[in-house]
Amino acid sequence: MVRPRLLLGLIGLACLLASVLLARPGAAEELVVDLSTDTIPIASDFSGTSIALFGVVERDAQTVARGGGYEIAVIVRGPPNDVLVQRKTRRFGIWVNAEGERFRRVPSFSGLFTTPDPGPQLESLMIEADAPLGLAAKRLEGERALLFQAYASKLAEDDLYVRDIGGVEMLTDRFFRTLIPLPDLAPDGRYVVDVLLFVGGVLLDRHEMSFNVDKFGFEQKVYAASHEQPLLYGFLVVTLALVTGYVGGVVFRRN
Amino acid sequence: MEVYLPIAEMPIGVLMGLAMGGCVGLISGLFGVGGGFLLTPLLIFSGIPPSVAVASVTPQIVASSTSGALAYFRRGQVDLKLAGILILSGSFGAIAGAELFALLGSLGQLTLVIAISYTVFLATIGGLTLFESVRAMMRTRAAERRGETALPARNGGTHGWIHRLPLKVRFRRSRLFISILPVIGLGFTISFLGTLLGIGGGFILVPALIYLLKVPTSVVVGTSLLQIVGVMAVATVMHSVASQSVDAVLAFILMLGGVFGAQVGASIGRSLRGEQLRALLGLLVLAVGARFALNLVLPPASLFAVTVVGP
């Protein structure tokens with residue numbers, strides 16, 4: 001698994017260097033970023049992988065020299081889900097689910113990777129990484145915050161919630177790299193990657209891109225059929241059951 | 001060897017799946033029951049989401065009842081008219097059950113309802129079975145001590161009110177002339193419960209047909225099996241449509257194990273005595289019920305429940 005990933009990384013790097021060389025002049029400081037792949041296939045033996053992100057902070061001749069280094073943050077958000085989180089409480093001696101809170105379009109994978117010293121914007125980055133896809137980020141309070149925390153720890157159990165301060169590595173003072181780990185339970189769909197560039201707490205540039213995690217092969221066909229053609233799928237399962245039962249009966253009667 | 005379950009979205013050991021299907025098949029062959037009421041809990045306890053467990057055992061029940069239903073049908077031991085009415089009314093029960101199932105899932109209360117229903121249901125059935133079989137054993141022993149042969153237990157009360165209901169229909173094969181209302185009621189209720197809990201319901205249907213409707217024992221098992229095949233087939237389609245939680249891969253693994261286990265169980269079962277078998281079954285059912293009860297009472301591992309309700 002390591003060698004193809006390395007190869008992909010090198011290809012990504014080559015593309016990146018080419019784009020740096022061809023990049024247009026003008027803006028003060030600009031992010032040029034690329035991923036090692038834009039599609040991750042999930043087959044039945046999928047046991048997790050990681051995707052490499054390479055980037056360069058590009059600047060032109062007029063750019064003023066900065067005292068401090070660059071701070072980079074990478075936010076990765078998996079395909080959104082509507083979830084219901086309930087606190088279990090004891091009523092009449094048994095454990096039941098309380099009413100709970102619903103969260104709309106929350107990421108099913110949430111990753112935040114930053115340079116080792118992300119500075120004062122870290123907290124707002126944390127909130128943004130948790131934010132529902134397509135909706136504005138806001139701080140949660142009270143019970144709602146607590147229940148969201150429970151959802152996050154549920155994701156973290158399956159390595160779907162990653163907070164990696166120092167996960168973005170500066171290879172030179174302008175060139176950076178990070179590895180986004182995707183566990184075996186990574187849901188399929190479109191992942192949005194947001195790269196942000198700060199200097200001294202000031203946002204200079206941001207760049208958004210995406211990659212896809214796709215199930216393929218037999219599992220994908222079964223899953224797609226069950227969701228896109230549920231009626232047909234139901235009839236097929238019934239047919240399978242009737243045939244299996246019939247054949248089983250015939251086989252064993254002969255013995 | 002592991003295989004990835006596309007709907008449950010988790011891997012499962014193929015051998016474990018086959019073994020579970022096989023064990024339950026063995027028990028069902030041994031005791032002459034469908035086994036859904038054991039297979040569904042087994043899957044839940046092994047970490048399969050309850051919604052997928054219930055919905056995927058449903059087609060497994062179809063498979064395990066098919067060969068039996070066919071065998072009885074060939075011997076002419078099926079009342080087709082009675083089975084037809086039971087299936088028709090049962091289809092409505094299955095639709096209602098699958099809708100309630102999907103609704104409870106979106107409210108995040110499905111796991112709790114399944115756990116409570118199973119506790120109550122298994123405790124009642126297990127307790128009754130155990131009590132009945134122990135009494136029968138004691139009666140046999142007492143009769144032997146007196147040097148007589150044991151008399152078979154008398155049927156329950158005559159339930160005259162059931163036979164006074166209107167809309168009477170003739171069931172030629174069962175030699176019955178009874179109201180259609182209790183037949184419809186029975187078909188609906190058992191299918192509703194069966195769809196909600198992932199059980200065939202033969203366990204309740206057979207005694208109900210014998211004691212309530214006075215269906216002759218010669219046709220009761222075949223009719224009940226045909227009813228289970230029909231209703232569980234409808235329930236499979238309804239679960240597929242309403243909650244999309246039928247896992248075809250899981251169902252197929254369970255079917256393979258179940259079909260094989262049932263044959264082995266049936267051949268072992270012939271060498272054991274009825275009352276002892278039933279006492280054993282009662283104990284088994286009580287044990288599963290107790291496990292559900294414990295889960296309800298003991299503090300859970302996680303104090304929060306997370307349910308994905310939509311994409």
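**Notebook: where chain A meets chain B**

I began with a single pairing and found that R87(A) has F304(B), in strand 5 of chain B, as its bridge partner. I keep in mind throughout that this is a predicted model.

Widening the view from that pair, I looked up the two strands and noted that strand 5 of chain A and strand 5 of chain B, residues 304-310, run antiparallel and are joined by six bridges.

I then turned to the extent of the interface, whose size is often given as the accessible area lost when the parts come together. Chain A and chain B bury about 4200 Å² between them, and 68% of this area lies on carbon and sulfur atoms. On the side of chain A, the residues that lose the most area to chain B are K88(A), W95(A) and F252(A), which together make up 14% of what that side buries.

Next I looked up the residues in contact, and I recorded 48 from chain A against 49 from chain B.

For the polar side of the interface, I noted 14 residue pairs in polar contact across it, with both residues at pLDDT 80 or more, while the count of salt bridges between the two chains is zero.

I also asked which elements of chain A supply the side that touches chain B, and those giving at least two residues each are strand 5 (80-91), strand 6 (94-97), helix 3 (142-157), helix 4 (218-228) and helix 5 (230-254). Helix 5 of chain A gives the most, with 17 residues.

Last, I sorted the residues of this side of chain A by character, and they divide into 27 nonpolar, twelve polar and nine charged.

Technical notes:
Residues numbered from 1 in each chain as written. Chains lettered and ligands numbered in written order. Predicted model: local features only at pLDDT ≥ 70, side-chain atom pairs only at ≥ 80, totals over all residues. Heavy atoms only, no water. Contact = heavy atoms within 4.5 Å. Buried area = accessible area lost by both parts, 1.4 Å probe. Salt bridge = Lys/Arg side-chain N within 4 Å of Asp/Glu carboxyl O. Polar contact = N/O pair within 3.5 Å; in protein donor to acceptor, adjacent residues only side chain to side chain. Helix = DSSP H or I, 4+ residues; strand = E, 2+ residues; numbered from the N terminus. Nonpolar A, V, L, I, M, F, W, Y, C, P; charged D, E, K, R; others polar. Pairing = 2+ DSSP bridges.
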